[in-house]
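Me: Got a minute to go through this one with me? I'd like to start with the overall build and then look at the surface.

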Amino acid sequence: DAIRKIKHKERLFVRSFGHVNGIVTHGDLQKQPVRMWLFSLISMIEMQMLRIIREAHPNDTWSELLKENRLASAKVLHERRLKLNEDIDLADCLQFCDKREIFLKDSEILSQVTSPDESKNENDAFYSKVKVESILKKIEKLRDNLAHAQVLQESWSNILETAEQAGNLLVRLEEIEFPIP
């Protein structure tokens, strides 16, 4: 709630048990609790994307949708991790950009992420493939900045908008199910 509200204000007073017990400012948004919250939100999106890719493409058939160099990169990482006795499959070695590409190239997945035809309008964040791609790229950029402990360069209104879109995307992804073969 505070994250959504601070988008339009310079500061928020936090009340609990009927008293003001704290203040939240835009400066607090650079601090670890908010960064961890954002990173966990994006991590949950990645987990859902991976689940959907596995359901839609059993037996690594998703590999046909990646460029050769991206598939090779995943295979190299997979081999390294297998040598460390990690119990993983090739899909576990996909990067966010790989998952994004699979989503954008698979019309069945994309149709479930974009808005239903009857509710499509230009104000809907998931109106089209182009809008979904734009949102996924913004989420990926935010993820990279958070993962590499960079100072977040975007304006806080942009970051909070991305967080809101990420939350909406997560809800959509959690609802997508593919029949298990």
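**Fold and surface**

Me: What share of the residues count as buried?

Reply: Keep in mind that this is a predicted model. Buried here means under 20% relative accessible area. Of the protein's 181 residues, the share that passes that cut-off is 37%.

Me: And how are the helices and strands ordered along the sequence?

Reply: There are 7 helices and 2 strands to place. Reading along the sequence, the pattern comes out as α-β-β-α-α-α-α-α-α.

Me: How much of the contact set comes from residues 24 or more positions apart?

Reply: The count takes contacts with a separation of 6 or more. Within that set, residues 24 or more positions apart account for 62%.

Me: What part of the exposed area do carbon and sulfur atoms supply?

Reply: The C-alpha trace spans about 55 × 45 × 30 Å along its principal axes. The protein exposes about 11200 Å². Of that area, carbon and sulfur atoms supply 51%.

Me: How far apart do the centres of the positive and negative side chains lie?

Reply: The protein has 27 positive side chains and 30 negative ones. Take the centre of each set, and the two lie apart by 7 Å.

Me: Is Phe-13 buried or exposed?

Reply: Phe-13 sits in strand β1, which covers residues 11-16. Together with Val-20 and Ile-23, Phe-13 makes a nonpolar surface patch of about 310 Å². Exposed means over 50% relative accessible area. Phe-13 has 57%, so it counts as exposed.

Notes:
Residues are numbered from 1 along each chain as its sequence is written. This is a predicted model: local features need pLDDT of at least 70, side-chain atom pairs count only at pLDDT 80 or more; totals for chains, interfaces and linings use all residues. Side-chain values use heavy atoms; hydrogens and water are left out. Helices (H or I, at least four residues) and strands (E, at least two) are DSSP runs, numbered from the N terminus. Buried means under 20% relative accessible area, exposed over 50%, partly exposed in between (1.4 Å probe, protein chains only). Contact means heavy atoms within 4.5 Å. Accessible areas come from the Shrake-Rupley method with a 1.4 Å probe; for residues, only the protein chains shown count as cover. Lys and Arg count as positive and Asp and Glu as negative; His and the chain ends are not counted. The place of a charge is taken as NZ of Lys, CZ of Arg, CG of Asp or CD of Glu. Patches are made of residues with over 30% relative accessible area and no salt bridge: like charges are joined within 9 Å, nonpolar side chains (Val, Leu, Ile, Met, Phe, Trp, Tyr) within 5 Å. A salt bridge is a side-chain nitrogen of Lys or Arg within 4 Å of a carboxyl oxygen of Asp or Glu.
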